[in-house]
Amino acid sequence: MSEVNEIATEQSETLVSEIKHFANGLPYWGRFLAAKIFENEDIDDGVIDEAYELLLEELGIKESQGHDDITFENPDFTEGSYGTQVVFEKLENIEGVNALCEGQQVLFDDKFTLIFGANGAGKSGYVRLLKQVFHSRSRETIKPNINEENPKDVKASFTFKKDNIALPLSYPTDEINSVFEQFAVFDGDSAQKYLKEKNRFNFRPSGLNFFGKYNVAINKLEAKLKSHIEQKDTENNLEALFEGESAIKAFVQTVSKNTTEEQIAQYTPFSDEDKQKQEQVEKEYDELSVKVNSSKKEIEALEKVKALIPPKINELTTLNTHFTTEKLNEYNKLITDLKAFEIQAKSEGVSNFSTDKLKDIGSTEWKSFISSADAFAKKQNPNYPANDESCLLCHQPLGENAKDLILKYWTFIKSEAEQNLNTHIQTLTSKINVLKGLNFDLLKEDSVLGAWIKTNHVSTYTNITTQLDKLNTLCENITSALDKRETFQTTSIEVKTDQLTTLETDIANSVTQLKSDELVTKLSKLKKEKTFLLHKQKYNQHLSKVQDLVANLKWVDKVNKVKYKKRKVTDTEKLLSNKYFNDEYVLAFNEICEELNGNFGITINHTGSGGTSFRQLELKGNSPSAILSEGEQKVIAIADFLAEMKMSEINQGLIFDDPVNSLDDDRKEIIAKCIAKECTTKQVIVFTHDKPFFHHVSNAVEQLDLSFKNHMIESVGKVYLDNSPRIESKYKNTEIPYSHLRRSRTALPEERALILAHGFASLATCYEYFVKNNMLRSIISPFDKHIKLSKIKEIKLDDNFSEKFVQHYGNVCDLKEGHLPSDSYSNQEINSDLLEEEINKLNQLKEEYKNI
C-alpha cells in the first residue's frame, strides 16, 4: 500500500492529523521548510539558503552540524491576518483611471449595494479598479486618463471595517494587505475563464494550502540547487590540451564520476628521467624527419601526377568518338542529303517564279531576299499586301498581279520542302561548329602532366602528341569539305590511351614502395613516443583540472539523487482535497445550478499539479463554451463562482459586474434572487446597466426585508449617491404631491395653476401605485412581469370602499394636467386648499384599507 493510501486509512481522520502525518514523514530539510510554512514565515532566500545547507548535509556533501529534531504535534494553519467580519464601506480619492472623473465617493451598504450606470457612463472604470485590487480571474491593466498629457498614477482610497474597527487603506501602497483578498469580483471576462480554463482553487481550507506553499518552497530549493549545478564545470574539455593521440589522451576523454584517485595518479609525476628521455626522442625525431621529408615530397609529386591521368584518358576517349568510321560516314551523308533537299526545294517552287528579267531565281541570295522582305513587310502591316498597299522598294501602288505574286513568294518560303532544307542546314552547321570547337592540345608541354611525361617518358609523350596532331589535321580537312558542301574520302584515326594506363599503374607501384620504407616506420614509432612524453608533461601541468572535473562530476551526481517527491506532495494534496473539500464543492455547485435552473449535465474534473488542486468544467467531454448557449454559459460560470466563494473560509464580499448579459428576463430574475440571497451571509455589490435586472434585484432584496443602497453612475464616472432609475417607488407616499402643494402656496398666480396641475397628476400616480403595490400586491409583485391570477381571491375590497376610492381617483384625474375639468368643477376654483383636501382623502383611504 502506498504512503498516500496509508494516510487515508489512518485512524485519526482529520485534516490536521493527516497533514501532520505527511509533514513528519519529510526529510529533515523538508520538515524545516514545513515548520516555516506553519509559522507563516515568508519562504525568502534566507530560508532557502538554510534548507540548502541541510540538504547538502543529508546528501553527505557537507559534514553534519547536528540539529534539534523537528516534529509536528498540532500545526497551526492560520493564514495571514484575515478578518472574521469585514465590510467594504467606502471608495474615494480615485486618480489616474481613464473615464473616471476625480472627487467621486461611493458608499457601500454592509449588506447590499446596487449601482446603475448606462453603457459608457464609466462603470467599467470602477470595476477594473476593483478587479485589480480584489480577487479576480480576469485582472486587466487599468487604463490611465487618455485625455491628460501627463496622466497620473492610479490611486484610490478604500475604507473597510474589520472586526468592527475602521481600516483605511490606500492603493497601491497597501495592496498586499490581506483584507483585499477577502473580496472577489465576477464579470464577463472572468466568466469565460471559469468555463474554458483549468482553474486553481483560490479559496480552500487553509490546511490544504500548505501543499501548494511547500511545493513552491521546494521549487525554489530545486532552482538554487540547479543554479549551483550549472556553476559546476562538468564539461570535459581536457582533450583539447592534448594534440595527437596517446594513452593519456584516451584516459582524459573517459574521465567520469567513477574515476578513482589511483586512476588519476597513474601518469604522475613527470620526472627528470622523463624530461631527459623527452629531449633525446625529440632530437632523434628531428634528424630522421629530414631524411623522410624528401621521400614524402616525392610521394606527393607522384600522387599528384597519378590523379591527373584518369581525367586525361577520358578526354582522349571523348575526342576519339568524333572520328570513328561511323562518324565519318555520318558527315558525308549530311552533304549528300543537303544536296537532295536543295534539288527538291528548287523543283517544287522556283519554276513558278522563272522570268527573263531576273537571273539566279532560286539561289540562296534570292531566298534570303524574299525572307527579309517578308519580315520587313510584317512590320508595316501584318496582313501585307492588303488594299491600297505600296511596293516596299519603289513605293508605287501595288496592282492585283503584284499582290498575287507577293503572296506566292510568302507561300514559297514557308513550304515543307524549304523548311526541310533549312532544318538540314542548321544540323550541318551545328556539326561543323562542334568539330571546330574540339581541343587537340591535350598534353601541353607546360602542364604538370605533360611536363612530367616528357621528362620521365619521352617516347610516350611523342607518340601521343603525334597522334593528336594527325587527328587535328583530319578534323580540319573534314570541316573544310563540310563548309564547301562537299563529300570527302578518308579513314578514321584513334589516339591510343593504353600507354597512359600503364603509366598510372607504374606510379602506384612506386608510391607503395616509397611508403613502405623502413625510415617512415621508425619515424612513426618515434612520433608516438614523443607524443606520449609531451602529453605526460601537459597532464602533470594540468593535473588540478582533472581533479576538479572529477570532484564536480561526483558532486553533481550526488545532488541529482535528491528526492523532492513532488508527485507525493501532489497526490497527497489531491487525496485530501477530495476527502475534505472537493466533494463539498461539487455539492455546493450542483445546489446553485439547481437554484439557477442550470442543470445542463456539467461535470467537474479535479486535477492536481505542483501541490495545488485545479478544476475543469466539462459537458460530455467538451468545454461548456463549445456546447451551451451564451446565456447558459453565464449561468454555469456564476454557479462555479458562487460555489467557490461559498467554500471560502476568508471571503467576506462579492462584487458583480453586469452578470446577466445575453440572458432572457426569466433567467435574469432567477439570478437576481440568487445574488440577493448571498447578502444574507456576505456583503454584495452589483454594477449593472440592465434596468430589468436592476428591478429584479431590488425586488429580491426588498422581499428579504433588508436595507440596501442604490447609486447611479453617469458620464465620466460621476456618482449620484442614493439615486436609482426606480421612479415608481417615489410614489409610495404622498410626499411628491405635498411638495407641489408647498410650492403652490408661495407661487405667483400665473405659475400656480401649472404647479397645481402637476400636483394633481402626481397624486393620481400615488393612487395608481397604491392599487398596484398594495391592493393588487398578491397578484402583481413589484417589477414582476407575471400576473398571478390564482391569487385574485386574496384581494381585499368592499363596495363602500371601492365606490369612494373610484370617486376620489376620478376627481383627481379631472383636475390633473392634460384633462378638461368636468361639469361639476366648472365653476369651482382650483386652488391649493383643494389639492390639500384631495391629498388628505387618499391618506384616509389608505388608513381605511388597513382595517378591511
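Two strands count as paired here if DSSP finds at least two bridges between them. Keep that in mind as you move through this predicted model.

**Stop one: the sheet.** Colour the strands and pick out the open sheet of 6, which runs in the order β6-β10-β11-β3-β12-β13 with mixed pairing. Select 183-186 and 718-720 for its edges: these are β6 and β13, and each pairs on one side only. Look along the sheet, and neighbouring strands are turned by 20° against each other on average, ignoring direction.

**Stop two: a strand pair inside it.** Now select residues 653-657 (β10) and 683-688 (β11), which pair in the parallel sense over 5 bridges. Click on aspartate 657: which residue is its bridge partner in β11? That's phenylalanine 687.

**Stop three: helices on the sheet.** Show residues 691-703, helix α24, which packs on the sheet and touches β3 (112-117), β11 and β12 (709-714). The direction of α24 makes about 165° with that of β3. Then add residues 630-647: this is helix α22, lying across β6 and β10 and running at about 175° to β6.

**Stop four: a helix pair.** Leave the sheet and select 458-483 (α16) together with 498-515 (α17); their axes come within 10 Å and cross at roughly 150°. Angles over 145 degrees count as roughly antiparallel, so α16 is roughly antiparallel to α17. The crossing of α16 past α17 is left-handed. Turn on side chains for Thr460, Asn463 and Ile464 in α16, which meet Gln499, Leu500 and Leu503 in α17. What kinds of residues make up this contact of α16 with α17? They split into 3 nonpolar and 3 polar, with no charged ones.

Terms used:
Residues numbered from 1 in each chain as written. Predicted model: local features only at pLDDT ≥ 70, side-chain atom pairs only at ≥ 80, totals over all residues. Heavy atoms only, no water. Helix = DSSP H or I, 4+ residues; strand = E, 2+ residues; numbered from the N terminus. Axes fitted to C-alpha atoms, helices over the stretch in contact; angles between N-to-C directions. Contact = heavy atoms within 4.5 Å. Parallel < 35°, antiparallel > 145°, perpendicular 65-115°, else oblique. Left-handed = near helix turned anticlockwise from the far one by under 90°. Nonpolar A, V, L, I, M, F, W, Y, C, P; charged D, E, K, R; others polar.
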